[in-house]
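Reader: I'm new to this one and would like to go through it slowly. Could you show it to me before we begin?

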Amino acid sequence: MKITEVIKKKASNLYEERIPTIVFFGDSVTQGCFQVYAKSEAQVETYFDKNSAYHNYIARIFSVLYPNVPINIINAGISGANAKMELPEWKEMFCRTIQI
């Protein structure tokens with residue numbers, strides 16, 4: 001089922017339908033890291049802007065389209081992750097990152 005269908009279903013019955021959850025998996029850009037710069041020859045600094053990350057952009061769109069529908073949005077972006085990782089690796093890295 002498409003996420004928009006799940007959200008529309010929740011909008012039609014706020015009290016009985018489950019709350020939709022969207023999880024964004026990705027790397028540093030998904031996490032909100034948009035700049036990396038050299039602080040010194042041996043040290044790299046990163047700049048995180050979580051407010052401009054993709055998951056917040058999507059959350060704002062859904063809040064306009066469905067203002068009364070609660071939607072769980074999880075940003076599971078982790079710097080150093082990549083698209084070649086298998087699901088068990090993602091799960092292990094995600095759980096270690098949030099200390100489950």
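**A walk through the chain**

Author: Let me start with one residue: His55 is found in helix H3. Please keep in mind throughout that this is a predicted model.

Reader: Okay, is His55 buried or exposed?

Author: His55 counts as buried, because its relative accessibility is 12% and buried means under 20%.

Reader: And which residues does His55 touch, leaving out those up to four places away in sequence?

Author: With those neighbours not counted, His55 touches Phe24, Thr30, Lys50, Ile73 and Asn75.

Reader: Which residues of H3 are buried?

Author: In H3 the buried residues are His55, Ile58 and Phe62. Seen down the axis of H3, its buried residues fall within an arc of 65°, so they line one face of the helix.

Reader: What do the buried residues of H3 pack against?

Author: They pack against two helices, H1 (3–12) and H2 (28–31), and against two strands, S1 (21–26) and S4 (72–77).

Reader: Staying with H3, how far apart are its end C-alpha atoms?

Author: The end C-alpha atoms of H3 are 17 Å apart, which agrees with the 16 Å that its 12 residues should span at 1.5 Å a residue.

Reader: Let's move to H1, then. Which of its residues are buried?

Author: Val6, Ile7 and Lys10 are the buried residues in H1. They cover an arc of only 95° around the axis, which puts them on the same side of H1. The buried residues of H1 pack against H3.

Reader: What about the face of H1 turned away from its buried side, which exposed residues does that carry?

Author: That face of H1 carries Lys8 and Ser12, both of them exposed.

Reader: Changing topic: how many salt bridges are there in the whole structure?

Author: A search of the whole structure finds 2 salt bridges. One of them joins the side chains of Lys9 and Glu17, at 4.0 Å from N to O. In the other, Glu45 pairs with Lys39, and their closest N and O atoms are 3.8 Å apart.

Reader: Why can side chains pair like that?

Author: Side chains of opposite charge can pair when their charged atoms come close.

Reader: Are Lys9 and Glu17 buried or exposed?

Author: Each falls in between: Lys9 counts as partly exposed because its relative accessibility is 39%, and Glu17 counts as partly exposed at 26%.

Reader: And the other pair, Glu45 and Lys39?

Author: Glu45 counts as partly exposed, at 26% relative accessibility, whereas Lys39 is exposed, with a relative accessible area of 53%.

Reader: Where is Gln43?

Author: Gln43 is found in the loop between strand S2 (33–38) and strand S3 (44–48). With a relative accessible area of 40%, Gln43 is partly exposed. Leaving aside its neighbours within four places in sequence, Gln43 is in contact with Tyr37 and Ala38.

Reader: You mentioned S3, so what does Tyr47 touch there, again without residues up to four places away in sequence?

Author: Tyr47 lies in strand S3, and, not counting those neighbours, Tyr47 touches Gly32, Cys33, Phe34 and Gln35. Although Tyr47 and Gly32 are 15 residues apart along the chain, their C-alpha atoms are separated by 8.3 Å. Tyr47 itself counts as partly exposed, at 42% relative accessibility.

Reader: Which residues form a nonpolar patch on the surface?

Author: The nonpolar patch on the surface is formed by Tyr54, Tyr57, Ile61 and Leu65, which together have about 420 Å² of accessible area. Leu65 is found in helix H3, which covers residues 54–65, and Leu65 counts as exposed at 54% relative accessibility.

Reader: Now the overall picture, please: how many helices and strands are there?

Author: The chain has 4 helices and 4 strands, and from the N terminus on its elements run α-β-α-β-β-α-β-α.

Reader: How much of the chain do buried residues make up?

Author: Buried residues make up 25% of the 100 residues in the chain. The accessible surface of the chain comes to about 7500 Å², and 54% of that belongs to carbon and sulfur atoms.

Reader: Last one: what share of the contacts join residues at least 24 apart?

Author: The share is 53%, taken among contacts in the chain between residues at least 6 apart in sequence.

Notes:
Residues are numbered from 1 along each chain as its sequence is written. This is a predicted model: local features need pLDDT of at least 70, side-chain atom pairs count only at pLDDT 80 or more; totals for chains, interfaces and linings use all residues. Side-chain values use heavy atoms; hydrogens and water are left out. Buried means under 20% relative accessible area, exposed over 50%, partly exposed in between (1.4 Å probe, protein chains only). Patches are made of residues with over 30% relative accessible area and no salt bridge: like charges are joined within 9 Å, nonpolar side chains (Val, Leu, Ile, Met, Phe, Trp, Tyr) within 5 Å. Accessible areas come from the Shrake-Rupley method with a 1.4 Å probe; for residues, only the protein chains shown count as cover. The expected span of a helix is 1.5 Å times one less than its number of residues. The arc is that of the directions from the helix axis to the C-beta atoms. Contact means heavy atoms within 4.5 Å.
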